[in-house]
Amino acid sequence: MGRKSKSRGCCGWFLVAVILALVVGAIVYAIKRKVSHSNEGAAPVPGPPGAVDKKYSEALKTAMQFFDVQKSGKLVDNKISWRGDSALKDGSQAHLDLSKGMYDAGDHMKFGFPLAFTATVLSWAILEYGDQMNAVNQLESAQDSLKWITDYLINSHPSENVLYIQVGDAKADHKCWDRPEDMTEKRPLTQVNTSYPGTEVAAETAAAMAAASLVFKKTDSAYSSTLLKHAQQLFSFADKYKASYSESIPDVATYYNSTGYEDELLWGASWLYHATGDKSFLQYVTVENGNDFANWGSPTWFSWDNKLAGTQVLLSRLSFFGSDASGSENSGLQNYRKTAEAVMCNLLPDSPSATSSRTDSGLIWVSEWNALQHPVASAFLAVLYSDYMLTTRTATISCSGKKYKPTDLRKFAKTQADYVLGKNPMKMSFLVGYGDNYPQYVHHRGASIPADESPGCSDGFKWLDSTDPNPNVAIGAMVGGPFMNETYIDSRNNSMQGEPTTYNNAVLVGLLSGLVTTSSAVQSFS
């Protein structure tokens, strides 16, 4: 009896094992079929940086030089012959060294809000496309320019709840036309603190420092840790003392008025999650504040003032490449990704939901002032999203039922970049120093005054009004851009079209770095 029972038991377990093997095999087969189906038609994953596109390579090398044009302080290894040391005493009245940083545009102001955005975007470009920058010998220049800004940002944050957000009086500064090396006007400081909070500028600066901490993590761990400490303190300050800096300090609204701070809080928390892995920041952007702050489902324009589209693309990385998000957090991440796709559908010219905000030649056109900011920033996001799709073998996105491939997004991005570089009805390059036909009368003080002249505050206006081209080339400057009717007036007094900005060059560097060659997207910044 005992031996017979044992034999039956063995046969029973054998049958169970066979059945289980068949079930598992069926499940694996079904999963493979599902994955295969979802990747059907997907392009191969790119490898290391491939062949370099000479056009974008030359444009990138040109654009990168504008950061050197804009540097303040005691210059090191100065590459711009007509520039010299300037603003060496900035911050001295508060016993701070705020001599570094970069001038905002054609003037001599240091505006902390757009300057921090410059650092955040430049960091993002390096993190995503550092290998491609390196392929054309531009990575070191990008890192040096970033550190010139972050050194300034560190010094502008002397205590946990104090951040200096501006050097110079904009009204007084704009009454002068002189070289930065010869400035004699007073350089007052503006700060946000617990009595006069500025959530958006503090959160943007937190984003800049968190993103930059990732850039320097492997090459200078001590500096990276310093940046991260400042980022965490600034985000706490921004979140605890919620108020718009435009309301706390009304004077700042004249030039860089903020339309709200919720987007900067999401942007800052997103970068801090990438920098720390602390899930409280992921909770912050998904479960706690996603519904209230993220404007899910409504595509917006990425700019120094509105970070929502950038946040949506940045957080979509976690959906593409995987994260340890919980169910509720993952639901929020899916909403960010869906909205990022809505942004992409808005950009694609033949999409059912394509924006009508374009010129006849296809340039995204949103604002008369600084017209190139939005198309270049949009194209940068499109290249990023395209690369996320390629690397994860995501074959298509759906725009109201119509399918689009990563190559469609890249094609759109190229049309915007090519327009800037001269493929437009004016046959003009809007990137100074690139091509044979670019603006000669850029609205830029330093470029307009001969290097051997030292005019006073008001004496220099004769060069503003001069009919001669600028004696110095503001190499790498991307000017404001064309009117809606695709015309451009090359006049030094035409600041609407002819003034470059430092933050515009950051998004341009990001775009060109993404186009200079192809490679797979990095799956983690840390």
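Where is the place of Glu-486? Glu-486 sits in the loop between α19, residues 461-464, and α20, residues 495-498. I shall come back to this residue after an overview of the chain. Please keep in mind throughout that we are looking at a predicted model.

Let me begin with the chain as a whole. Its secondary structure consists of 21 helices and five strands. The radius of gyration is 26 Å, close to the 24 Å that the globule rule gives for 526 residues, so the chain is as compact as a globular protein of that length. Along the principal axes, the C-alpha trace spans about 115 × 50 × 40 Å.

Next, the contacts and the surface. Among contacts with a separation of 6 or more, 75% join residues 24 or more positions apart. Of the 526 residues, 58% count as buried. The chain exposes about 21400 Å², and carbon and sulfur atoms supply 52% of that area. As for charge, there are 46 positive and 53 negative side chains, and the centres of these two sets lie 14 Å apart.

I turn now to the interior. The largest nonpolar core holds 155 residues, and within it Trp-124, Trp-271 and Tyr-385 touch the most other members. Helix α4, residues 112-135, gives this core its largest share, namely 13 residues.

Which residues does Tyr-385 touch, not counting those up to four places away in sequence? They are Val-313, Ser-316, Phe-320, Arg-337, Ala-340, Glu-341, Met-344, Ile-397 and Leu-409.

One of these partners, Arg-337, deserves a closer look. Arg-337 belongs to helix α15, residues 327-347. Is Arg-337 buried or exposed? Its relative accessibility is 15%, and the cut-off for burial is under 20%, so Arg-337 counts as buried. Setting aside neighbours within four places in sequence, Arg-337 is in contact with Ser-316, Ser-319, Phe-320, Tyr-385 and Thr-394.

A second site in the model is helix α7, residues 199-215, where Ala-206 is found. Ala-206 is buried, with a relative accessible area of 0%. Beyond residues up to four places away in sequence, Ala-206 touches Ala-231, Leu-234 and Phe-235. The pair Ala-206 and Ala-231 is 25 residues apart in sequence, yet the two C-alpha atoms are 4.0 Å apart in space.

Thr-205 also lies in helix α7. This threonine is buried, with a relative accessible area of 2%. What is Thr-205 in contact with, leaving aside neighbours within four places in sequence? The partners are Ala-116, Leu-153, Leu-163 and Leu-234. Leu-234 thus appears in the contacts of Thr-205 and in those of Ala-206.

Finally, the backbone. Most residues other than glycine have a negative phi. Asn-137 has a phi near 60°, a positive value in a residue other than glycine. This asparagine is found in the loop between α4 and α5, the latter covering residues 139-155. At 64% relative accessibility, Asn-137 counts as exposed.

That brings me back to Glu-486, whose phi is likewise positive and near 60°. Is Glu-486 buried or exposed? At 9% relative accessibility, Glu-486 counts as buried, whereas Asn-137 counts as exposed. To close, then, the two residues with positive phi that I have shown are each found in a loop: Asn-137 between α4 and α5, and Glu-486 between α19 and α20.

Terms used
Residues are numbered from 1 along each chain as its sequence is written. This is a predicted model: local features need pLDDT of at least 70, side-chain atom pairs count only at pLDDT 80 or more; totals for chains, interfaces and linings use all residues. Side-chain values use heavy atoms; hydrogens and water are left out. Helices (H or I, at least four residues) and strands (E, at least two) are DSSP runs, numbered from the N terminus. The radius of gyration is taken over C-alpha atoms; the globule rule is 2.2 Å times the number of residues to the power 0.38. Buried means under 20% relative accessible area, exposed over 50%, partly exposed in between (1.4 Å probe, protein chains only). Contact means heavy atoms within 4.5 Å. Accessible areas come from the Shrake-Rupley method with a 1.4 Å probe; for residues, only the protein chains shown count as cover. Lys and Arg count as positive and Asp and Glu as negative; His and the chain ends are not counted. The place of a charge is taken as NZ of Lys, CZ of Arg, CG of Asp or CD of Glu. A nonpolar core is a set of buried Ala, Val, Leu, Ile, Met, Phe, Trp, Tyr and Cys residues joined through side-chain atoms within 4.5 Å.
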